[in-house]
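Trainee: I would like a close look at one part of this protein, the sheets and what packs against them. Please set that part in the context of the whole chain.

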Amino acid sequence: MQHDKRRSVSPAQIRADKDPIRLLLVDDEPILLASLEALLAPYDYLILSSEDGGGALRLLAEHRIDLVLLDLGLPDISGHQVMDGMHAMGHDAEVIVVSGNSDIDSAIGALRRGAYDYVRKPYEPEDLIQKVQNVLAKRRLERENQQIRSRLADSEQMYRYLVDASPDLIYMLDPWGNFSYVNERAESLLGYDQSDLIGRHFVELMHEDDISLAHYVFNERRRGPRAARNVELRLRCAPGYAERNHTAADGYITISLNATGVYSQKSSDGREDLFLGTYGVARDVSDRKRAEARVAYHAYYDPLTDLPNRVLFNDRLSLALIQSHRHGEQLSLVFLDLDRFKSINDTLGHVKGDELLREVSLRLKAAVRKTDTLARLGGDEFAIFLPDVGSRQEAEATVRKILEELRRPFYLDEQECYVSCSVGMAHYPQDGTTPVSLLRRADMAMYHVKDEGKNGFAHFSHDMQYAADHTLALESELHRALERKEFEMYYQPQYKVGPLEMVGCEALIRWHHPQRGLLTAGEFIGLAEEAGMIEDLCRWSLRQVCKDLHKWRAHDMENFRVAVNISPKYLERPNFVEEVLANLQEFQIDPATLELEITENICIRHVAETIGKLEELARCGLNIAIDDFGTRYSSLNYLHRLPFHTIKIDQSFVRDVDENTTRAPVITAIIAIAKGLDLNVVAEGVETSAQMRFLESLGCPEMQGHFFSDAVPAAEIALRLPALARLAPLEAMTLI
């Protein structure tokens with residue numbers, strides 16, 4: 001029989017109770033059960049009771065029991081058998097035997113079965129209560145210890161999981177520097193099994209260059225703020241692992257290490273802490289180091305040719321200049337620029353252009369000494385400095401070797417091509433003492449070679465510096481000249497021979513320079529093209545010519561025309577035709593009085609576009625002249641297709657004519673072509689009567705040049721128009 005006389009609760013209520021202390025009283029005498037319950041009632045235990053062994057085992061199976069007060073003499077089974085049943089079901093309840101049996105064997109049997117104590121009836125209540133409280137206190141402590149051990153085991157398992165699953169290498173060293181622990185990351189990071197490293201000295205894993213540092217940081221003894229933080233070291237991988245793991249370069253990985261010394265707590269007698277070893281965490285930073293190396297490489301090297309770039313070149317040059325100054329040596333700087341590289345790049349494509357640059361760099365390397373530094377500064381520009389050269393001739397020898405190397409053909413996918421280079425040289429200390437000054441002056445010498453025809457070399461001279469300074473100042477002043485209205489249009493008359501008559505003039509721009517006086521177009525037009533101002537100058541010239549024509553309307557302008565030079569860049573403008581026609585309309589100009597002069601190269605570059613624009617202007621009544629005919633391509637096909645009215649014979653052909661000249665095939669051919677195409681012909685640069693008579697004998701109808709008149713301001717042309725409509729014979733003419 002089983003019951004709970006103190007609390008009348010159901011099993012569900014017992015299970016739902018907030019984890020009370022449960023006592024099971026087992027005795028076959030109801031009176032003793034009742035007395036025990038009364039004795040324990042003040043302590044707020046949840047008490048269950050049973051008058052036989054079977055009932056006790058059922059209650060033990062159904063409930064968590066903390067303590068069993070068990071009588072050995074039970075009607076069905078003995079108390080010993082109850083204890084055996086408890087062991088069989090794995091119940092951990094404590095047992096205090098309360099029995100009237102004084103047999104020693106019974107007591108020994110109970111204690112052997114794990115009973116906490118043996119109390120004989122009759123008992124002292126205080127003694128029994130004390131024993132109950134003692135066993136429950138012991139059980140509470142054991143339970144708390146078990147919970148602590150469980151939490152500790154869980155924490156240790158979690159820590160071990162975190163350590164083994166960590167992406168970092170975590171290790172412990174003993175006081176002698178041998179591995180006492182490494183986590184599983186050692187295998188994936190270094191290729192070593194954990195057991196392979198235990199007991200091995202850390203030095204065996206170190207790069208030989210890092211061993212000295214590792215003695216202080218990998219085997220760290222310091223702790224706190226002084227301990228190693230983010231120190232980079234290289235660790236050796238297991239043999240063969242580097243080949244399988246691409247992150248390990250040359251058999252090593254780079255780690256960032258944090259380590260600290262581990263010490264025992266200071267003893268009560270005040271002795272110093274005992275050093276137990278080193279705890280460290282190493283993170284693989286190999287990918288980051290490679291990325292940093294790539295960034296550093298691109299910062300100092302040209303990725304296309306693997307040559308130093310401008311930054312590294314300047315740095316090395318600075319050091320070389322210091323060395324040259326210290327030892328009293330000369331140094332030569334060579335600046336190279338490939339000729340016609342842009343045309344090769346445009347024709348064959350950028351991929352082939354890059355391939356050509358790589359091939360050029362290899363030949364340049366072969367031509368210089370090991371002590372020289374070769375760099376690619378950008379595009380098709382290279383630079384070399386030659387330290388410790390005895391003379392300019394020694395530097396020239398290297399340059400001649402370079403030019404000879406580049407004369408050999410290059411083969412790009414079996415396509416043969418040739419490339420030359422222009423080379424400028426500057427020398428320390430004569431031409432400069434800093435990298436900037438030497439590079440600038442070698443660059444000047446290189447451009448001097450470009451201007452002289454390319455494919456050669458030149459030494460810097462101070463004349464080049466003067467010319468460069470002059471050009472730079474002129475360019476700066478040129479930008480302000482339009483705003484300051486320093487330009488003026490001059491006009492050189494054009495004459496028809498037999499009888500001599502002024503039939504037109506060519507507009508020639510002049511610059512009233514504040515310091516240098518009147519500058520002709522030849523002194524600044526080339527600079528304007530380089531500075532990107534040529535379109536503005538052409539636009540101003542066209543408008544100014546139209547203004548002057550408007551002023552001359554009061555004069556006899558019949559069969560009179562004014563020619564104005566048009567830059568190819570201006571003609572290429574999409575709205576070029578509209579601008580020309582807008583000027584004619586604004587100033588009410590007869591289109592027949594305006595002639596546009598263009599050069600041959602615009603015909604070659606943009607045939608279809610040029611034909612369309614010129615035909616539209618010709619339909620509007622404008623005259624079109626081809627300037628400097630015979631000096632460039634001279635394509636008869638283009639001459640036939642384009643709507644030209646006039647061919648101008650370049651002064652270079654006229655210049656060689658003198659009193660002894662009997663034949664001039666080029667001039668004769670040009671005049672014949674013009675007649676065959678029904679075009680007008682104007683010869684430029686006529687400076688002598690012999691040239692005039694010779695051209696007249698060949699049938700050239702119109703001429704201009706200093707022999708007739710210099711270029712004069714617009715006001716002077718206005719004065720001549722009425723008086724010079726018909727001139728006296730040439731011999732009586734006063735030259736201007």
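Mentor: What follows starts with the overall form, then takes the two sheets in turn, and ends with some local details.

The model is a predicted one, and the protein in it has 28 helices and 28 strands. Along its principal axes the C-alpha trace spans about 170 × 65 × 50 Å. The radius of gyration is 54 Å, whereas a compact globule of 736 residues would be near 27 Å.

One sheet is open and has 5 strands in the order β8-β7-β11-β10-β9, with antiparallel pairing. Its edges are β8 (179–182) and β9 (231–236), each of which pairs on one side only. Ignoring direction, neighbouring strands in this sheet are turned against each other by 35° on average. Inside the order, β10 (residues 252–263) and β11 (residues 275–284) are joined in the antiparallel sense over 9 bridges. To place the register, take I255, which has D284 of β11 opposite. Helix α11 (residues 286–300) lies across β9, β10 and β11, and its course is at about 130° to β10.

In the loop between α11 and α12 (310–327) sits D306. This residue is not a glycine, yet its phi is positive, about 60°. Most residues other than glycine have a negative phi.

The other sheet to consider is also open: its 5 strands follow the order β13-β14-β12-β17-β18, and the pairing is mixed. At the edges stand β13 (373–378) and β18 (456–459); each has a single partner strand, so one side of each is left without a neighbour in the sheet. From one strand to the next the twist averages 20°. Helix α16 (residues 435–451) packs on this sheet and touches β12, β13, β14, β17 (421–428) and β18. The direction of α16 makes about 145° with that of β17. Within the sheet, β12 (residues 330–338) pairs with β14 (residues 381–389) in the antiparallel sense, over 8 bridges. S332 has L386 in β14 as its bridge partner.

The stretch between β17 and α16 deserves a separate look. The loop between these two elements contains P429, and the peptide bond joining Y428 and P429 is cis, with omega about 5°. Another cis peptide bond joins G498 and P499, where omega is about -10°. P499 belongs to the loop between β19 (487–496) and β20 (501–513). For context, most peptide bonds are trans.

Away from the two sheets, helix α6 (residues 125–165), which contains L162, offers two further details. The first is a contact between charged side chains. D117 and K131 form a salt bridge, 2.6 Å from N to O. D117 is in strand β6 (residues 117–120) and K131 in helix α6, so the pair ties together parts that are 14 residues apart in sequence. The structure holds 42 salt bridges. The second detail is at the surface: M158, Y161 and L162 make a nonpolar patch of about 350 Å².

Key: Residues are numbered from 1 along each chain as its sequence is written. This is a predicted model: local features need pLDDT of at least 70, side-chain atom pairs count only at pLDDT 80 or more; totals for chains, interfaces and linings use all residues. Side-chain values use heavy atoms; hydrogens and water are left out. Two strands pair if DSSP finds at least two bridges between them. Helices (H or I, at least four residues) and strands (E, at least two) are DSSP runs, numbered from the N terminus. Axes are lines fitted to C-alpha atoms, for helices over the stretch in contact, and angles run from 0 to 180 degrees between N-to-C directions. Contact means heavy atoms within 4.5 Å. Patches are made of residues with over 30% relative accessible area and no salt bridge: like charges are joined within 9 Å, nonpolar side chains (Val, Leu, Ile, Met, Phe, Trp, Tyr) within 5 Å. Accessible areas come from the Shrake-Rupley method with a 1.4 Å probe; for residues, only the protein chains shown count as cover. A salt bridge is a side-chain nitrogen of Lys or Arg within 4 Å of a carboxyl oxygen of Asp or Glu. The radius of gyration is taken over C-alpha atoms; the globule rule is 2.2 Å times the number of residues to the power 0.38.
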